[in-house]
Every structure is written in C-alpha cells, then in structure tokens.
Amino acid sequence: MELLFDMGGVLIDLDMPGCVERFRALGFDIAPYLDTFAQRGFLSDFESGKISTDEFFDTIDRLGGRRFDRNELRTAWRAMLKAMPRERIELLVRASRHYGIHLLSNTNPLGWNSALELFDALGYRPDELFGRIFLSFELGIEKPAPAIFQKVVADLGCAPADILFFDDSATNCAAARGQGLRAVQAGLDGAWTNCFDADGRLVEPIPEA
C-alpha cells in the first residue's frame, strides 16, 4: 500500500484569513484569487509553474498599482501556513515502517520554501520522510486535473487502487477516485490521524468519504 498525502490542510494547518489580512495591510486584496482548495487567476498560474516568483511579485505590483516590498510580500504569503503539528509528522514516520509515504501538493516556490522551514524546525527533511514528492509548480499540473494523479500512478509504478490519498478537498478526493485511487477526505484539525493506530498501521475500515 502506498500512502499519498496533501500538505496544506492535512500536514500543515492553514490560516487563509490571516494571509488575506496581511496582504490587505500592505494595500493589496489577494482574496479574489485565493481559495482553500484551488487558486484562481495569476495564483493558479503560480501554483502550476506558469509564472516565476518574480513574475508573481510583478503581477501584484501591476494589479496593486505600485511596487511592493518583496520581503513584505513573502511574509504576507508565509502567514498562510499556521502550524505543522509534530504529532502528524511523527505519525508519518511510524507509518513509513509499513507503507510507502509520498507527498502531493498544490503549492508554489514561496509556499514550498515556507513549508521547508516548518519541516526543518521539527528536525525533519521532506526528502527523508517521503519516497516521492509531487509538487504542482514543478509538474506544471494542479489538482484536481486527472493528469496529476496519472503522473503519480505512473511514477509509483503500482495499481491505482494500491494508493490511498489523504486530502482536505472533496473535489480532489473525487478526482483521485476517478483515476482509480482510494481517497480519504482529511477533515479539520488532523482528523485523518484517526485512520491509524499507535504503531502507524491503518485501522480498517478506512473512512473513505
């Protein structure tokens, strides 16, 4: 069995309102482009690797009508990542004794670098935790596009039904199932951890919803 985890909303708690407020304090309203599960407009282009970080910043300048301080923009985006609870990462370590553990995330270079800081603060490296890491901005594809799940299946080299996917989006879970994967909608506050026992083994029946 291969276990595939989303990052934001599953491993990392998110603070979308806090991020929006940080940008508004700088004089830019990012809310029309920001969504919990899938970004819109130029943010979608950023998460799918169509534009670079510099182009992302330049677009904010153009839409906001002035040049913004780059460090302030980075800090405002970083506010989206609220916390990475240690117990969730330690559960992944235990689960890795029994299953392949992999990451699939819609993210961008700013979000990924911020996540790396959270992993580092807990003393973990993603390339040591996960067998494979699938990031939307590197792949040029965002969930829920079927192609991103097809890429995962091809790279893991197993049957789709041998992959159990944890994501906080019902749409992404449905898309994964459409490609033959099993999927668990993660729920709030790390509720997905209830799918495992203390040793990191899956508890049957798995609540696939």
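**A closed space, a sheet and some salt bridges**

Modeller: The largest cavity has a volume of about 290 Å³. That value comes from a predicted model, like everything else we will discuss.

Biologist: What makes that space a cavity and not a pocket?

Modeller: A cavity is a set of points where a 1.4 Å probe fits but cannot get out, whereas a pocket is an open set. The space of about 290 Å³ was found as a cavity, so the probe has no way out of it. The search covered the whole structure and found one cavity of 30 Å³ or more.

Biologist: Which residues lie nearest its centre, and how many residues line the largest cavity?

Modeller: The lining has 22 residues, with G8, L14, E47, S105 and N106 nearest the centre. Sorted by class, the lining holds eight nonpolar, nine polar and five charged residues.

Biologist: Why would G8 be counted as polar there?

Modeller: That is a matter of the classes used: Gly is placed among the polar residues, so G8 falls in that class.

Biologist: Let's turn to the sheet. In which order do the five strands come?

Modeller: The order is β5-β4-β1-β6-β7, in an open sheet with parallel pairing. From one strand to the next, the twist averages 20 degrees.

Biologist: What makes β5 and β7 edge strands?

Modeller: β5 (133–135) and β7 (182–185) each have a single partner strand, so one side of each is left without a neighbour in the sheet.

Biologist: How do you know that β1 and β4 are paired?

Modeller: Pairing needs at least two bridges. Strand β1 (residues 2–5) is joined to β4 by four bridges, so the two count as a pair. They run parallel, and L4 stands opposite H102 in β4.

Biologist: How many bridges join β4 to β5?

Modeller: Three, again with the strands running parallel. Three is enough, because the cut-off is at least two. Here L103 stands opposite I133 in β5. On the other side of the story, β6 (residues 163–167) and β7 pair in the parallel sense over four bridges, and F166 stands opposite V184 in β7.

Biologist: What makes you call strand β4 mostly covered?

Modeller: Six of the six residues in β4 (residues 100–105) are buried. Buried means under 20% relative accessible area, so each of those residues falls under that value. G100, H102 and L104 point one way, while I101, L103 and S105 point the other way. In a regular strand, side chains alternate between the two faces of the sheet.

Biologist: Now the charged pairs. Why is the contact of R88 with D13 called a salt bridge?

Modeller: The N to O distance between their side chains is 2.9 Å. The limit is within 4 Å, so the pair qualifies. The pair links distant parts of the chain, with R88 in helix α5 (residues 86–95) and D13 in strand β2 (residues 13–14), 75 residues apart.

Biologist: Is R88 buried or exposed?

Modeller: R88 has a relative accessible area of 5%, which is under 20%, so R88 counts as buried.

Biologist: What about the residues in the salt bridge of R24 with D29?

Modeller: Their side chains meet at 3.4 Å, N to O. R24 has 42% relative accessibility and D29 has 36%. Partly exposed lies between 20% and 50%, so both R24 and D29 belong there.

Biologist: Where do D155 and K151 lie?

Modeller: Both are in helix α9 (residues 146–156), four residues apart, about one turn of the helix. Their closest N and O atoms are 3.2 Å apart, which is within 4 Å, so this is a salt bridge too. D155, at 27%, counts as partly exposed, as does K151 at 33%. The structure holds 15 salt bridges, and D58, D61, R67 and R70 are linked in a network of them.

Biologist: What makes D189 stand out in its backbone?

Modeller: Its phi is near 55 degrees, a positive value in a residue other than glycine. Most residues other than glycine have a negative phi, and most peptide bonds are trans. D189 sits in the segment after β7, and at 68% relative accessibility, D189 is over the 50% cut-off and so counts as exposed.

Biologist: Which peptide bonds are cis?

Modeller: One of them runs from K143 to P144, with omega near 15 degrees; P144 is in the loop between α8 (136–139) and α9. Another joins E204 and P205, with omega about -5 degrees, and P205 lies in the segment after β7.

Terms used:
Residues numbered from 1 in each chain as written. Predicted model: local features only at pLDDT ≥ 70, side-chain atom pairs only at ≥ 80, totals over all residues. Heavy atoms only, no water. Buried < 20%, exposed > 50% of the residue type's maximum accessible area, 1.4 Å probe, protein only. 1 Å grid on protein atoms, 1.4 Å probe; cavity = no way out; pocket = protein on both sides within 12 Å on 5 of 7 lines; lining within 4 Å. Points joined across faces, edges and corners; volume = space filled by probe spheres on them. Axes fitted to C-alpha atoms, helices over the stretch in contact; angles between N-to-C directions.
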